[in-house]
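Please look over the sequence and the model below before reading on. The paragraphs that follow begin with charge, move on to the overall fold, and finish with a single residue.

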Amino acid sequence: MALGLSDELIADIGGALIARLDGGSGPATFDVYTAPRPARGATPTGATLLGTLTFSDPCGTQTGAVVTFSTITPDSGADASGVAAWGRAKKSTGAFVMDASITVTGGGGDFVMNSVNVVAGLPIAAGTLTVTVSTAS
């Protein structure tokens, strides 16, 4: 069964996501990994960390059910080569906030990159990230 959330609750959830990412003394980060994606917040065993992108601080804005993140700074040199499959957003303290799937432009994932093929030493281009709080009824 899908929950039907009030507009006020949807706003609270989106606002809480922004507040969590902006918590701490600096900007939040987004670690880019290869598969496999672990359970929510679990240690990424078997996945390779390809690089780390940096959110703006503050990280974004909310309109209705949609949180749209501001400019995300690319990683100037990837740590490893591989196919980006998912990423983990953490506040500046390193605390887990959320995991998101990664796809190329038009692929329908949470986090969109121009290419998911990452090469060690080359930049990882930042894409777009939006989160929509479900409004199912």
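In this predicted model, the protein carries 6 positive and 10 negative side chains, and the centres of these two sets lie 9 Å apart. The accessible surface comes to about 7,000 Å², and carbon and sulfur atoms make up 55% of that surface.

Turning to the fold, we find one helix and eleven strands in the protein, and, read from the N terminus, the order of the elements is α-β-β-β-β-β-β-β-β-β-β-β. The radius of gyration is 15 Å, close to the 14 Å that the globule rule gives for 137 residues, so the protein is as compact as a globular protein of that length. Along the principal axes, the C-alpha atoms fill a box of roughly 45 × 35 × 25 Å. Of the contacts with a separation of 6 or more, 65% are between residues 24 or more positions apart in the chain, and 36% of the 137 residues count as buried.

One residue that can be followed in detail is Thr-34, which is found in the loop between strand E1 (29-33) and strand E2 (49-55). Is Thr-34 buried or exposed? Its relative accessibility is 11%, and because buried means under 20%, Thr-34 counts as buried. If its neighbours within four places in sequence are left aside, Thr-34 is in contact with Ala-47, Thr-48, Leu-50, Gly-82, Val-83, Ala-85 and Trp-86. With Thr-48 there is also a polar detail to notice, as a polar atom of the Thr-34 side chain lies 2.8 Å from the backbone nitrogen of Thr-48.

How values were computed. Residues are numbered from 1 along each chain as its sequence is written. This is a predicted model: local features need pLDDT of at least 70, side-chain atom pairs count only at pLDDT 80 or more; totals for chains, interfaces and linings use all residues. Side-chain values use heavy atoms; hydrogens and water are left out. Helices (H or I, at least four residues) and strands (E, at least two) are DSSP runs, numbered from the N terminus. The radius of gyration is taken over C-alpha atoms; the globule rule is 2.2 Å times the number of residues to the power 0.38. Buried means under 20% relative accessible area, exposed over 50%, partly exposed in between (1.4 Å probe, protein chains only). Contact means heavy atoms within 4.5 Å. Accessible areas come from the Shrake-Rupley method with a 1.4 Å probe; for residues, only the protein chains shown count as cover. Lys and Arg count as positive and Asp and Glu as negative; His and the chain ends are not counted. The place of a charge is taken as NZ of Lys, CZ of Arg, CG of Asp or CD of Glu. A polar contact is a pair of N or O atoms within 3.5 Å; within protein, one must be able to donate a hydrogen and the other to accept it, and residues adjacent in sequence count only if both atoms are side-chain atoms.
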